[in-house]
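Open the model in your viewer and keep the sequence panel beside it. This tour goes stop by stop, with a selection to make at each one.

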Amino acid sequence: MSEEENTSVEEEKKVVAATTDESAEPEKKTVTAEDLLKSDLDGVKIRRAKGSKNVTTGIVNVLATFNNTKVTFCDSRGNVISWSSAGKCNFRGSRKSTAYAAQVVTQDAGRVAISHGMKEVVVKLNGPGMGRDSAVRALQSLGMIVTEIVDVTPVPHNGCRAPKRRRV
């Protein structure tokens, strides 16, 4: 009798465990890619990247030309953590050089950098394009702390002869 009671008690425990496991599965909600890539930055939870590098401070290089905008997030030694460009974000033609494209590009690369643990950045702006200011604003809207903004656009000190004047 005691063996039968023990086996019946164990079977009841298995049945109870199975019913609790089944009830837990329907409550889970799967997160789709659309949910992760919403334009609302408040609603998106930024998760840790798979091979997270745990870099808290870094450098953001923004190259804003007349035709394109490129953003690169690096650590303090210059090793690239994430990057993005207007062409990568499906902007084509003259839309690549707009301020809105620069904002989208910065958010795209910034989310990956935040997932690697980046919080404080030094911004290095390069080039005469329209995306310079909007890239810095997009960084601040992501929640990053901008410690310094440096303009690293190369300016000649009467070195090489300038190209002939452009005729439009």
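**Stop 1: the hairpin.** Select S1 and S2. They form a hairpin with four residues between them. S1 covers residues 57-64 and S2 covers residues 69-74. The two strands run antiparallel, paired over six bridges. Strands count as paired here if DSSP finds at least two bridges between them. Pick alanine 64, then look across to S2: threonine 69 stands opposite.

A word on the ground rules. This is a predicted model, with residues numbered from 1 along each chain as its sequence is written. Local features need pLDDT of at least 70, side-chain atom pairs count only at pLDDT 80 or more, totals for chains, interfaces and linings use all residues, and side-chain values use heavy atoms, with hydrogens and water left out.

**Stop 2: the other partner of S1.** Keep S1 and add S4, residues 120-126. This pairing is parallel, over seven bridges. Select leucine 63 and find its bridge partner in S4, asparagine 126.

**Stop 3: the whole chain.** Zoom out and colour by secondary structure. The chain has four helices and five strands. Helices (H or I, at least four residues) and strands (E, at least two) are DSSP runs, numbered from the N terminus. Trace them along the sequence and you read α-α-β-β-β-α-β-α-β. Of the 168 residues, 30% are buried. Buried means under 20% relative accessible area, exposed over 50%, and partly exposed in between (1.4 Å probe, protein chains only). Turn on the surface: about 12,400 Å² is accessible, and 51% of that belongs to carbon and sulfur atoms. Areas come from the Shrake-Rupley method with a 1.4 Å probe; for residues, only the protein chains shown count as cover. Now consider contacts, meaning heavy atoms within 4.5 Å. Among those between residues at least 6 apart in sequence, 65% join residues at least 24 apart.

**Stop 4: helix H3.** Select residues 99-115, the 17 residues of H3. From first C-alpha to last, H3 reaches 25 Å, close to the 24 Å expected at 1.5 Å a residue. That expected span is 1.5 Å times one less than the number of residues. At the start of H3, show the side chain of threonine 98. One of its oxygens comes to within 3.2 Å of the backbone nitrogen of alanine 101. Polar contacts are pairs of N or O atoms within 3.5 Å; within protein, one must be able to donate a hydrogen and the other to accept it, and residues adjacent in sequence count only if both atoms are side-chain atoms.

Which residues of H3 are buried? Among them are Ala101, Val105, Gln107, Arg111 and Ile114. Two more deserve a click:

- Glycine 110 lies in H3 and is buried, at 0% relative accessible area. Leaving aside neighbours within four places in sequence, glycine 110 contacts Phe73, Leu142 and Met144. The C-alpha atoms of glycine 110 and leucine 142 are 7.3 Å apart, although the two residues are separated by 32 places along the chain.
- Serine 115 is also in H3 and is buried at 9%. A polar atom of the serine 115 side chain lies 2.5 Å from the backbone oxygen of valine 112.

Step past H3 to glycine 117, where phi is positive, near 105 degrees.

**Stop 5: helix H4.** Select residues 132-142. The buried residues of H4 include Val136, Leu139 and Leu142. Against which elements do the buried residues of H4 pack? The answer is S1, S2, H3, S4 and S5. Just after H4, glycine 143 has a positive phi of about 100 degrees.

**Stop 6: the salt bridge.** A search of the whole structure finds one. The criterion is a side-chain nitrogen of Lys or Arg within 4 Å of a carboxyl oxygen of Asp or Glu. Select aspartate 151 and arginine 132: their closest N and O atoms are 3.3 Å apart. The pair links distant parts of the chain, S5 (residues 145-151) and H4, 19 residues apart. Aspartate 151 is partly exposed, at 48% relative accessibility.

**Stop 7: two asparagines.** Most residues other than glycine have a negative phi. Select asparagine 90, in the loop between S3 (80-85) and H3. Its phi is positive, near 65 degrees, and asparagine 90 is exposed at 63%. Finish at asparagine 158, in the segment after S5. Here phi is near 55 degrees, again positive, and asparagine 158 is exposed at 77%.
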